[in-house]
Amino acid sequence: MYKLILKRTDSNDPDFLSLVDLLNEDMKIRDGDDYEFFFQFNSLETIRHVIVAYENNIVAGCGSIRPYTNDTIEIKRMYVPYAHRRKGIAIQLLIELEKWAVELGFTTAILETGIKQPEAISLYQKTGYSIIPNYGQYEGVDVSVCMSKRLSHQ
């Protein structure tokens, strides 16, 4: 029987850290020469809100949020290992991150992904994110895709 558990934690969580290592390895391959540029923006020091997914008690994905402005959070470090993909885990992580952001008083979510992550772009568009002009450190970076979504306060 399939069982998915989503655990709220922080950036010191060992399961989150192991997934971030896998994510970084994947990004090194995908981003190639651009990896170091993007890596500098992925510090875990400013991340306090993390969700780790467990599929049948096996670590199966993660995502996090960090404040960007008073009303906007940034989605960071979304990752589902290949063995756990195409099961809806990323969507469940995203829904839970958005719910948590609303609980914290945020009204908008933004994120940056890359043109070399087409599955991420598809996921975000499928869940209501729209492409926006690149923000902050991603302005003028032609391999970045920035997206935004107004969060629902249900």
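Q: Which word fits C146, buried or exposed?
A: This is a predicted model, in which local features need pLDDT of at least 70 and side-chain atom pairs count only at pLDDT 80 or more, while totals for chains, interfaces and linings use all residues. Residues are numbered from 1 along each chain as its sequence is written, and side-chain values use heavy atoms, with hydrogens and water left out. Buried means under 20% relative accessible area, exposed over 50%, and partly exposed in between (1.4 Å probe, protein chains only). C146 has a relative accessible area of 0%, so the word is buried.

Q: What is the relative accessibility of C62?
A: C62 counts as buried. Its relative accessibility is 0%.

Q: How many disulfides does the structure hold?
A: A disulfide is a pair of cysteine sulfur atoms within 2.5 Å. The number in this structure is 0.

Q: In what order do the elements of the chain run from the N terminus on?
A: Helices (H or I, at least four residues) and strands (E, at least two) are DSSP runs, numbered from the N terminus. The chain has 4 helices and 7 strands. Their order is β-α-α-β-β-β-α-β-α-β-β.

Q: What share of the chain's residues is buried?
A: The chain has 154 residues. The buried share of them is 50%.

Q: What share of the chain's exposed area do carbon and sulfur atoms supply?
A: Accessible areas come from the Shrake-Rupley method with a 1.4 Å probe; for residues, only the protein chains shown count as cover. The chain exposes about 8200 Å². Carbon and sulfur atoms supply 53%.

Q: Among contacts between residues at least 6 apart in sequence, what share joins residues at least 24 apart?
A: Contact means heavy atoms within 4.5 Å. Of the contacts between residues at least 6 apart, the share joining residues at least 24 apart is 67%.

Q: How far apart are the end C-alpha atoms of helix α3?
A: Helix α3 covers residues 89-103, which is 15 residues. The expected span of a helix is 1.5 Å times one less than its number of residues. For α3 that should be 21 Å, and the distance between the end C-alpha atoms agrees: 21 Å.

Q: Which helix is among the elements that cover the buried residues of α3?
A: The buried residues of α3 include I89, L93, W100 and V102. Their cover includes strands β1 (4-9), β2 (49-55), β3 (58-67), β4 (72-79) and β7 (144-150). It also includes a helix, residues 118-126, named α4.

Q: Which residue with a positive phi follows α3?
A: The phi here is near 95 degrees. The residue is G105.

Q: How many residues of strand β5 are buried?
A: Strand β5 covers residues 108-114 and is largely enclosed by the rest of the structure. T108, I110, E112 and G114 point one way, and A109, L111 and T113 point the other way. The count of buried residues is 7 of the 7.

Q: Which residue stands opposite L111 of β5 on the β4 side?
A: Two strands pair if DSSP finds at least two bridges between them. β4 and β5 run parallel, joined by 4 bridges. Opposite L111 stands I75.

Q: Which helix joins β4 and β5 in a right-handed β-α-β unit?
A: A crossover is right-handed if, with the strands pointing away from the viewer, the path from the first strand over the helix to the second runs clockwise. The unit made with β4 and β5 uses helix α3.

Q: Which residue of β7 stands opposite I110?
A: β5 and β7 pair in the antiparallel sense over 7 bridges. In β7, L111 has the bridge partner M147. Opposite I110 stands S148.

Q: Which residue of β7 is the bridge partner of S130?
A: Strand β6 (residues 130-132) runs antiparallel to β7, with 3 bridges. β7 itself is mostly covered, with 6 of its 7 residues buried. The partner of S130 is S148.

Q: What is the relative accessibility of T72?
A: T72 is found in strand β4. Not counting residues up to four places away in sequence, T72 touches P67, F106, T108 and I110. T72 counts as buried, at a relative accessibility of 10%.

Q: What is the relative accessible area of N56?
A: Most residues other than glycine have a negative phi. N56 is not a glycine, yet its phi is positive, about 50 degrees. N56 sits in the loop between β2 and β3. N56 is partly exposed, with a relative accessible area of 38%.

Q: Which word fits R86, buried or exposed?
A: R86 lies in the loop between β4 and α3. Its phi is also positive, near 65 degrees. With a relative accessible area of 86%, R86 is exposed.
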